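Reader: I have the model open beside the sequence. Before I use it, I would like to know what stands behind the words used to describe it.

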Amino acid sequence: MINRRIVLAARPQGVPTADAFRIEEAPVPELGEGEVLLRNRVFAIDPAVRGMLDDVKSYLPSVPIGGLIPTMVLGEVVASRNPDFREGDFGRAFIGWENYSVIAPDSVAFENVAVAPDLPLTVYMGAAGWSGITAYVGLKRYGEMREGDEVLVSAAAGAVGSVAGQVARLCGCRVIGTVGTAQKSRAIVEDLGFHGAIDYRAAPDLGAEIDRHFPSGIDLYFDNVGGATLDAVLPRMKAFGRIPVCGMVSNYNHQTDPYRLANIWQVLVNRITMRGFLAYEAADLIEEAQARLTGWIRSGELVATENVATGIEAAPEAFIRLMSGQTSGKTLVRLDDAVTTLADWPLPGAA
Ligand SMILES: NC(=O)c1ccc[n+]([C@@H]2O[C@H](COP(=O)([O-])OP(=O)(O)OC[C@H]3O[C@@H](n4cnc5c(N)ncnc54)[C@H](OP(=O)(O)O)[C@@H]3O)[C@@H](O)[C@H]2O)c1
């Protein structure tokens, strides 16, 4: 069996371009004890990977030139030397852009995913996968969300932000989102039920626009972007407000020259609890998050927005579009054209 994989050809400068990536072929490795071979079905395309393409220190290791581009994969088990995985199960882990992945108990976020036949497979990589889990644990654990909170979410039309806003609303909060286009503003209000939207690119004075939506201040700011938006938010937090720091995507394309915050002093002025988090470290909340998210998706209370490209060759372009703000909802690459739900996709051995 031949594995097709996409590797780093050159370090990108700014927004990545296609020449940063190269496709190559390699044999599928033999399985060792405890390992599982996946035929990958869906890649999650994530902004954090942009940071790994630079040679700078982060919470994830830098990718060497020629190294596999990392990503969360969801694949069907085609061979297993692990008693917890059988052929036909679905495995998920942080591996990379390749057709076949070997996952092992020490792979990041290694998991046997119980996929339900009535849900599209893609939701397990978006609203019911790590994007949704991140939104849920970020609000609940690190944002200490309470009913009645006034909540601001940035990158609110994106994978994590779109779920965070909906979860906050479902939990009894008033929620406003910041987004980068008028079309995204309309979508988060009309399709996702946000109480309001701020187009941060169109607002001549972002602070004044936030004041208009939050005359008495913000209880909880779910920060996906950092930079100028965070700077505008800090003086507008209520006393004892909370800021779960999920990501700082506004800096990812130029990490060596990040935005310099002018208002960080406001953390003290407003006695703000500001806390960075990695969703997979909230291990005790993950089962609850998955159960509630799939419940809301099934009942129609939570809309799982996705933009899905097809075929491994589409991964670089999907990533470039994500990193230039052109996407809404979860950005995914599906490797099997015909499959939408498990019902369309009989497991091996099924009639
Ligand atoms: N902590 C964790 O465990 C964890 C897990 C998953 C993801 N994350 C983080 O969560 C954040 C969102 O990730 P995602 O997967 O949901 O991506 P996403 O929101 O679907 O896509 C990124 C969005 O960021 C916005 N953006 C880009 N440049 C910006 C800028 N200069 N200022 C403001 N917004 C900008 C764009 O939306 P607009 O057009 O609206 O600007 C873009 O669509 C990222 O920071 C990511 O690293 C953290």
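Reader: What makes the sheet an open one, and in what order do its strands run?

Author: In this predicted model, six strands form an open sheet in the order 10-9-8-11-12-13, with parallel pairing. Strand 10 (196–199) and strand 13 (273–276) are at the edges with a single partner strand each, so each has one side without a neighbour in the sheet. From one strand to the next the twist averages 15°.

Reader: How do you know that strand 12 and strand 13 pair?

Author: Two strands pair if DSSP finds at least two bridges between them. Strand 12 (residues 237–245) and strand 13 have four bridges, in the parallel sense, so by that cut-off they pair. One position to look at is Val245, which stands opposite Gly276 in strand 13.

Reader: Which helices pack on the sheet, and what do they touch?

Author: Helix 2 packs on the sheet and touches strand 11 (218–222), strand 12 and strand 13. The direction of helix 2 makes about 145° with that of strand 12. Helix 4 (residues 182–190) also packs on the sheet, where it touches strand 9 (174–179) and strand 10. The direction of helix 4 makes about 165° with that of strand 10.

Reader: How many bridges join strand 8 to strand 9?

Author: Four bridges join them, and the two strands run parallel. Since the cut-off is at least two bridges, they count as paired. Val153 stands opposite Gly177 in strand 9.

Reader: Which way do the residues of strand 8 point, and are they buried or exposed?

Author: Glu150 and Leu152 point one way from strand 8, while Val151 and Val153 point the other way. In a regular strand the side chains alternate between the two faces of the sheet. All four of these residues, Glu150 included, are buried.

Reader: Why is helix 2 called largely enclosed by the rest of the structure?

Author: A residue is buried if 20 or more other C-beta atoms lie within 10 Å of its own. In helix 2, 11 of the 13 residues are buried, so the helix is largely enclosed by the rest of the structure. Among them are Trp130, Ile133, Tyr136, Leu139 and Tyr142.

Reader: What is noted about the backbone of Glu144, and why is this residue called partly exposed?

Author: Glu144 follows helix 2, in the loop that leads to strand 8 (150–153). Its phi is near 45°, a positive value in a residue other than glycine. Partly exposed lies between 12 or fewer neighbours, which is exposed, and 20 or more, which is buried. Glu144 has 15 C-beta neighbours inside 10 Å, so it counts as partly exposed.

Reader: Why is Arg271 called exposed?

Author: The limit for exposed is 12 or fewer other C-beta atoms. Arg271 has 12 within 10 Å, so it is exposed. This residue lies in the loop between helix 7 (266–269) and strand 13. Arg271 has a positive phi of about 45°, although it is not a glycine.

Reader: Where is Thr181, and why does it count as partly exposed?

Author: Thr181 is in the loop between strand 9 and helix 4. With 16 C-beta neighbours inside 10 Å, Thr181 falls between the two limits and so counts as partly exposed. Thr181 and Asp84 are 97 residues apart in sequence, and their C-alpha atoms are 45 Å apart in space.

Reader: Into which domains is the chain divided, and how many residues from each make the contact?

Author: The chain is divided into domain 1 (2–126 + 304–344) and domain 2 (130–280). The contact takes 20 residues from domain 1 and 18 residues from domain 2. On the side of domain 1 that touches domain 2, helix 1 (48–52) and strand 15 (330–334) give two or more residues. Helix 1 gives the most, with three residues. By class, that side of domain 1 has nine nonpolar, eight polar and three charged residues.

Reader: How do you know that the ligand lies between the domains?

Author: Both domain 1 and domain 2 give residues to the shell around the ligand, so it lies between them. The ligand is surrounded by 32 residues, and the closest are Gly158, Ala159, Gly180, Gly247 and Ser250. Helix 2 (130–142), helix 3 (159–170) and helix 6 (227–233) each supply at least two residues of the shell. The shell divides into 16 nonpolar, 14 polar and two charged residues.

Terms used: Residues numbered from 1 in each chain as written. Predicted model: local features only at pLDDT ≥ 70, side-chain atom pairs only at ≥ 80, totals over all residues. Near = placed C-beta within 6 Å. Nonpolar A, V, L, I, M, F, W, Y, C, P; charged D, E, K, R; others polar. Domains from an automatic or database assignment. Contact = placed C-beta atoms within 7 Å. Axes fitted to C-alpha atoms, helices over the stretch in contact; angles between N-to-C directions.
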